[in-house]
Amino acid sequence: MKQHITPEQLNELSEKGRKKLWAWCKEKGYLGIIDHSRPLEYYMKPFSIGQMVEFLVDQFEGVKIEWTDSNACIVKVPGVIGVGGNREGLCDALWEAVKEVLEK
């Protein structure tokens, strides 16, 4: 199962989304010592499934991850469209939910 987003997925964020993600990572201590002349990708370790769940829980009460009988995963975030995929697609489903929150 894929555990982290890819650098290409991180690059899908707008400048606004990047700034929000940067601020959250800095607040959580995920960035360490920062030299602002370097891009976010330099400091970010691959954003993991656990970090994405943590991010969503920090933003909203009532975040739910449900599994269907057919091994599909549905991520339900209040006020955000539910996204889903098969068990192998959990990382990508979470990223879609995180990305939607960051871009609002």
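These are legends for several close-up views of a predicted model.

**View 1. An aromatic cluster built from Trp24, Phe47, Phe55 and Trp95**. The structure has three aromatic pairs. One of them puts Trp24 against Phe47 edge-to-face, with 6.0 Å from centre to centre and 85° between the planes. That pair links distant parts of the chain: Trp24 sits in helix H2 (residues 15-28), while Phe47 is in the loop between helix H3 (40-43) and helix H4 (49-59), 23 residues apart. Both Trp24 and Phe47 are buried.

**View 2. Phe47 again, this time with Trp95**. The ring centres of Phe47 and Trp95 are 6.4 Å apart and the planes meet at 85°, so this pair is edge-to-face too. Phe47 comes from the loop between H3 and H4 and Trp95 from helix H5 (residues 90-103), so the pair ties together parts that are 48 residues apart in sequence. Trp95 is buried, and Phe47 is as well. Both residues belong to the cluster that also takes in Trp24 and Phe55.

**View 3. Gln9 and what it touches**. Gln9 has its place in helix H1 (residues 7-10). Buried or exposed, what does Gln9 count as? It counts as buried, because its relative accessibility is 9%, and the cut-off for buried is under 20%. Its side chain is joined to that of Lys2 by a polar contact of 3.0 Å. If you leave aside neighbours within four places in sequence, Gln9 is in contact with Lys2, Asp92 and Trp95. Trp95 is also a member of the aromatic cluster from the views above.

**View 4. A salt-bridge network of Glu12, Glu96 and Lys99**. The count for the structure comes to five salt bridges. In one of them, Glu12 partners Lys99, with the closest N and O atoms 2.6 Å apart. This pair links distant parts of the chain, as Glu12 lies in the loop between H1 and H2 and Lys99 in helix H5, 87 residues apart. Glu12 has 43% relative accessibility and so counts as partly exposed, whereas Lys99, at 16%, counts as buried.

Lys99 also forms a salt bridge with Glu96, where the closest N and O atoms are 3.4 Å apart. Here Lys99 and Glu96 both lie in helix H5, three residues apart, or about one turn of the helix. Glu96 counts as partly exposed because its relative accessibility is 36%. Which residues end up in one network through shared partners? Glu12, Glu96 and Lys99 do, joined by their salt bridges.

**View 5. Asp58 and Lys28 in a salt bridge**. The closest N and O atoms of Asp58 and Lys28 are 3.0 Å apart. The pair links distant parts of the chain, with Asp58 in helix H4 and Lys28 in helix H2, 30 residues apart. Asp58 has a relative accessible area of 38%, so it is partly exposed. Lys28 also counts as partly exposed, because its relative accessibility is 31%.

**View 6. Two cysteines, Cys25 and Cys91.** A disulfide is a covalent bond between the sulfur atoms of two cysteines. How many disulfides does the count come to? It comes to zero disulfides. Cys25 has a relative accessible area of 2%, so it is buried. Cys91 counts as buried because its relative accessibility is 0%.

**View 7. The antiparallel pairing of strands E1 and E2**. Strand E1 (residues 64-67) pairs with E2 over four bridges, in the antiparallel sense. Glu66 has Ile74 in E2 as its bridge partner. The hairpin of E1 and E2 has four residues between the strands, and Asn71 takes a positive phi near 65° there.

**View 8. The two faces of strand E2**. In a regular strand the side chains alternate between the two faces of the sheet. Strand E2 (residues 72-77) shows alternating side chains: Cys73, Val75 and Val77 point to one face and are buried. Ala72, Ile74 and Lys76 point to the other face and are not buried. Ile74, the bridge partner of Glu66, therefore sits on the face whose listed side chains are not buried.

Terms used: Residues are numbered from 1 along each chain as its sequence is written. This is a predicted model: local features need pLDDT of at least 70, side-chain atom pairs count only at pLDDT 80 or more; totals for chains, interfaces and linings use all residues. Side-chain values use heavy atoms; hydrogens and water are left out. Rings of Phe, Tyr and Trp (its six-membered ring) pair if their centres lie within 6.5 Å; planes under 30 degrees apart count as stacked, over 60 as edge-to-face and the rest as tilted. Buried means under 20% relative accessible area, exposed over 50%, partly exposed in between (1.4 Å probe, protein chains only). A polar contact is a pair of N or O atoms within 3.5 Å; within protein, one must be able to donate a hydrogen and the other to accept it, and residues adjacent in sequence count only if both atoms are side-chain atoms. Contact means heavy atoms within 4.5 Å. A salt bridge is a side-chain nitrogen of Lys or Arg within 4 Å of a carboxyl oxygen of Asp or Glu. A disulfide is a pair of cysteine sulfur atoms within 2.5 Å. Two strands pair if DSSP finds at least two bridges between them.
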